[in-house]
Amino acid sequence: MNRHQTVTAISYRKKPAWFNLINSGWRNSYFLGTKINLSKDHLISLARKRTALHDFGNDFWDEPLQRMLDAIEGEAQLSPVGRFITRERLVGLLAVRLRAENDFKRNPHILGQDLYPVQLICGLQRTGTTKLQRLLAADPENRVLLSWEAINPVPLSNDSREKEKRIRTARLSEKALRLMAPSFFAIHPVEHEQPEEDILLLDATFLSTTAEATMHVPSYAAWLEKTDQTIAYQYMIKLLKYLQYQRPAKRWVLKSPHHLEFLDIIKQQMSDVHFIWTHREISESLPSFLSMVAHSQTIFSESVSLARVAEHWVRKTAHMLSRGMAFRENNPDLHFTDVFYDQLVADQFAALDTIYHHRGAVSAALRDRFIKAGQQHRQHKYGMHRYSLADFGWSVEQIKNNFQFYSTFLSNISH
């Protein structure tokens, strides 16, 4: 990857020749029975076979998986490689649940712990959430989910070197992504030993917006939006307890835009939460995110449309904001800190001092850690990302009109 490269929204279809060749050849061999089987029973059978375990636990609910698979088969138009990646990801998630249930039974102390206090970064996509998470990860008292833990939060075995196996798996996944979509890193870095979004833990219940961000699955997304997510957060807490059991600290730093839609459930399920809401001009953050979704979906499918991506996510983004704003309006006494993207980029310590204010001044040693983290994760490390609302058939004026309610909210909290 070239840090001088420029990746644009409209270059989303550009893939390495070998990648296209594999998809073409594989598809042409479907008549030989090479099409990946994505039936629920087959995936469950594979997970049980790979782990030699059977019990998913009493809280396992298979309807979300079936709904997702129905939408994948009926709507997503996955390529052969996309079907392969999807099978491996879903079987991996089922295997996580099997290993977790087995370990929970063998060691009751895992779930007997209290969950650490939580700092929850909950702003929209492309508002500085990744930068802020990586800065806060520099505090040794903070516990973040690392990328290799997100893929395998539960140990693979009792082998003393099993952690290295999990890291190696994540390193291979990162290399595979670099080969399939080398330009993607200029949009969003995916590094196997760096912090990752905890929405990947919610994936273990098959109740998360990951699917609609990476595939065209509107029927599943519509079902998800009207379905109670409590069971997903309850299971996520079980995995967080297992993770803190493996690598202790003092508090969790969680991060995912997904949470903005479900702050009410988080309040119900987590007793001590500091909400950190990142903000950015919507006419800048939204096209950046739409571009990221388009580039993500082309890894899974050759039938991606910028207009279709925008149609889904412009409405969805407004829905997420509305839910988050309503929660905040109804809970004025909760601990919220607002971080503005322009300020975070221009002066990271202005934002960090605000976040740490209630715990006292940031020490000189911690400040040095933040400086090093900022240098390590500098902007445009893997190249420039260019995008425009016009790429998606929208104008700045249209977006500002659609999101006037958010602009009014921002003007009220920033004064």
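Buried residues account for 55% of the 415 residues in the protein. The model is a predicted one. Its secondary structure consists of 21 helices and seven strands. Along the principal axes, the C-alpha atoms occupy a box of roughly 65 × 55 × 40 Å. The radius of gyration is 21 Å, which agrees with the value near 22 Å for a compact globule of 415 residues. Contacts with a separation of 6 or more were also examined by sequence distance. Of these, 83% join residues 24 or more positions apart.

Burial was then considered for a single helix. Helix α6 spans residues 129-136. Seven of its eight residues are buried, so α6 is largely enclosed by the rest of the structure. The buried set comprises Thr129, Thr130, Leu132, Gln133, Arg134, Leu135 and Leu136.

Two helix pairs were analysed in turn. In general, a pair of packed helices is described by the angle and the distance between the two axes. The pair α2 and α4 involves residues 40-51 and residues 80-106. Their axes come within 8 Å and cross at roughly 55 degrees. The two helices are therefore oblique to each other. The crossing of α2 and α4 is right-handed. On the α2 side, the contact is made by Leu43, Ile44, Leu46, Ala47, Arg48, Arg50 and Thr51. On the α4 side, the contributors are Arg87, Glu88, Leu90, Val91, Leu94, Ala95, Leu98 and Arg99. By class, the residues of this contact divide into nine nonpolar, one polar and five charged.

The pair α15 and α16 involves residues 282-300 and residues 306-330. Here the packing angle is about 130 degrees, and the axes lie 10 Å apart. Helices α15 and α16 are therefore oblique to each other. Their crossing is right-handed. Helix α15 contributes Ile282, Leu286, Phe289, Leu290, Val293, Ala294 and Gln297 to the contact. Helix α16 supplies Leu306, Val309, Ala310, Trp313, Val314, Thr317 and Leu321. The contact of α15 with α16 has 12 nonpolar residues, two polar residues and no charged residues.

Thr317 was followed in more detail. This residue lies in helix α16 and is part of the contact with α15. Its relative accessible area is 2%, so Thr317 is buried, the cut-off being under 20%. Residues up to four places away in sequence were not counted among its contacts. With that exclusion, Thr317 touches Leu124, Ile282, Leu286 and Phe403. Ile282 and Leu286 belong to the α15 side of the helix contact. Thr317 and Pro257 are 60 residues apart in sequence. Their C-alpha atoms are 9.8 Å apart in space.

Ala181 gives an example from a loop. This residue is found between α8 (162-180) and α9 (184-187). At 4% relative accessibility, Ala181 counts as buried. Neighbours within four places in sequence were again left aside. On that basis, Ala181 is in contact with Lys15 and Ile299. Phe19 and Ala181 are 162 residues apart along the chain. The separation between their C-alpha atoms is 9.3 Å.

Definitions and conventions. Residues are numbered from 1 along each chain as its sequence is written. This is a predicted model: local features need pLDDT of at least 70, side-chain atom pairs count only at pLDDT 80 or more; totals for chains, interfaces and linings use all residues. Side-chain values use heavy atoms; hydrogens and water are left out. Axes are lines fitted to C-alpha atoms, for helices over the stretch in contact, and angles run from 0 to 180 degrees between N-to-C directions. Helices (H or I, at least four residues) and strands (E, at least two) are DSSP runs, numbered from the N terminus. Angles under 35 degrees count as roughly parallel, over 145 as roughly antiparallel, 65 to 115 as roughly perpendicular and the rest as oblique. A crossing is left-handed if the near helix is turned anticlockwise from the far one by less than a right angle, and right-handed if clockwise. Contact means heavy atoms within 4.5 Å. Ala, Val, Leu, Ile, Met, Phe, Trp, Tyr, Cys and Pro count as nonpolar, Asp, Glu, Lys and Arg as charged, and the others, Gly among them, as polar. The radius of gyration is taken over C-alpha atoms; the globule rule is 2.2 Å times the number of residues to the power 0.38. Buried means under 20% relative accessible area, exposed over 50%, partly exposed in between (1.4 Å probe, protein chains only).
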